[in-house]
Amino acid sequence: RPVGTSSVAIMVFKEMGVTFVIVGVVGVAVSYFAGDLMSYLPSLDFAARHPNGSAVYPEIYRNLLREKFNETTRKKLQRDYPYLVEALQSDDIEQFQEALVKAQQDDQQKKDAIENYKMEKAEKRKKCKTKKCKAELEGEPVIRRMSMMGPTPTKDDAYNRQAPELPAHMRCDACQAVVFQGAAAVEKALTSAFHGDAGARMESVLTLEAIENTCHNISLWMYEYGVAPSAQGSNLFIGPGVRESTHWEDEEGDTVVPQTAHSDGTGKRLSDACQMLLLGESPTEDEIAAIVMDAVHQGADTAAALRIAVCDNPGQPCTKYA
């Protein structure tokens with residue numbers, strides 16, 4: 001007879017040679033536990049299961065499940081436990097027991113995966129120091145900010161017009177800039193001569209003229225090269241043959257765009273460095289011409305070849321101040 005939304009049922013089962021007669025209210029003693037198989041099962045004594053997940057009373061348990069088996073539960077079970085749906089539609093008790101064991105194993109794997117995820121996330125959260133990292137970890141939109149930063153004048157910095165010479169950490173960069181511009185000027189002068197554009201003038205004269213014009217071109221050094229801050233906090237030379245200006249992220253994950261400062265002081269110091277490195281006693285203009293033209297004939301980088309002779313030997317800027 002109807003009792004609210006439930007009904008009284010009489011069920012007779014035979015389990016392990018014992019006949020059970022159950023008179024009870026079906027649909028009342030039902031509880032749901034989200035996230036595992038038990039969300040589909042009535043919480044009755046006859047639903048008891050062994051530690052491995054198999055049923056204590058498999059035939060009774062299977063019939064109880066079939067009693068609750070409708071279109072809604074079928075879809076949920078088919079999504080999470082398709083093998084259990086197949087077992088419920090079969091009369092094979094062993095298949096049903098195996099399906100229950102597998103369902104419990106699958107539930108445990110899901111719980112373990114969730115716990116591992118929580119532990120990994122907690123560990124990452126401890127290591128996250130920036131706003132960007134924390135936002136990405138929580139799946140929140142990352143608010144990116146950008147700031148501009150110029151070089152900081154110091155008493156021994158090339159940006160300081162009163163500094164008597166280049167600071168030690170900039171001398172290798174200056175040498176690279178000098179050989180880059182010097183090699184390009186000599187290569188252009190000598191290759192033009194070989195094509196007849198400059199007549200039969202001697203290589204040494206052409207080389208000396210190209211180097212002098214390059215070294216004394218203050219505008220070249222002033223506008224092509226400058227000083228910019230770095231992520232490490234020091235000021236560095238920026239320009240052809242040295243490096244390009246690159247942005248970085250600060251401790252909060254915001255973007256810092258370095259601003260390159262150009263000055264006549266920087267230009268003058270690079271001009272002086274050029275004269276000291278390329279117009280001194282060694283290498284001579286003849287040696288410079290030979291180095292550059294050998295590289296040209298071999299299809300090699302002329303600046304790299306000249307750098308070996310001017311910057312990289314013992315006592316020279318890129319070894320002495322490296």
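**View 1. Glu203 and the negative patch.** Glu203 sits in helix H7, where helices are DSSP runs of H or I with at least four residues, numbered from the N terminus. A quick note before going on: this is a predicted model, where local features need pLDDT of at least 70 and side-chain atom pairs count only at pLDDT 80 or more, while totals for chains, interfaces and linings use all residues. Residues are numbered from 1 along each chain as its sequence is written, and side-chain values use heavy atoms, with hydrogens and water left out.

Glu203 is joined by Glu212, Glu285, Asp286 and Glu287 in a negative surface patch. For a patch, residues need over 30% relative accessible area and no salt bridge, with like charges joined within 9 Å and nonpolar side chains (Val, Leu, Ile, Met, Phe, Trp, Tyr) within 5 Å. Asp and Glu count as negative, Lys and Arg as positive, and His and the chain ends are not counted; each charge is placed at NZ of Lys, CZ of Arg, CG of Asp or CD of Glu. Accessible areas are Shrake-Rupley values with a 1.4 Å probe, and for residues only the protein chains shown count as cover. Glu203 itself comes out as partly exposed at 35% relative accessible area (buried is under 20%, exposed over 50%, partly exposed in between). Which helix gives the most to the negative patch? That would be H10, with three residues; H7 (203-215) and H10 (285-298) each supply at least two.

**View 2. The cis peptide bond before Pro283.** Going from Ser282 to Pro283, the peptide bond is cis, with omega near -5 degrees. Most peptide bonds are trans. Pro283 belongs to the loop between helix H9 (264-278) and H10.

**View 3. Two tyrosines, edge-to-face.** Searching the whole structure turns up three aromatic pairs. One of them is Tyr81 with Tyr83, edge-to-face at 6.3 Å centre to centre and 80 degrees between the planes. The rule here: rings of Phe, Tyr and Trp (its six-membered ring) pair if their centres lie within 6.5 Å, and planes under 30 degrees apart are stacked, over 60 edge-to-face, the rest tilted. Are these rings buried or exposed? Tyr81 counts as buried, at 1% relative accessibility, and Tyr83 does too, at 18%.

**View 4. Three of the salt bridges.** The structure has seven salt bridges, each a side-chain nitrogen of Lys or Arg within 4 Å of a carboxyl oxygen of Asp or Glu. In one of them, Asp91 meets Arg66 with the closest N and O atoms 3.5 Å apart. That pair links distant parts of the chain, 25 residues apart: Asp91 is in the loop between helix H3 (82-88) and helix H4 (93-127), and Arg66 is in helix H1 (residues 58-67). Asp91 is exposed at 64%, whereas Arg66 is partly exposed at 28%.

Arg79 and Asp80 form another bridge, at 3.0 Å between the closest N and O atoms. Here Arg79 is exposed at 61%, and Asp80 is partly exposed at 23%. Asp312 and Arg307 also pair up, at 2.9 Å from N to O; Asp312 is partly exposed at 29%, and so is Arg307, at 24%.

**View 5. Cys318 and Met170.** Cys318 is part of helix H12 (residues 317-320) and counts as buried at 10% relative accessibility. Measuring C-alpha to C-alpha in the model, Cys318 and Met170 are 9.6 Å apart in space, with their positions 148 residues apart in sequence.

Key. Buried means under 20% relative accessible area, exposed over 50%, partly exposed in between (1.4 Å probe, protein chains only).
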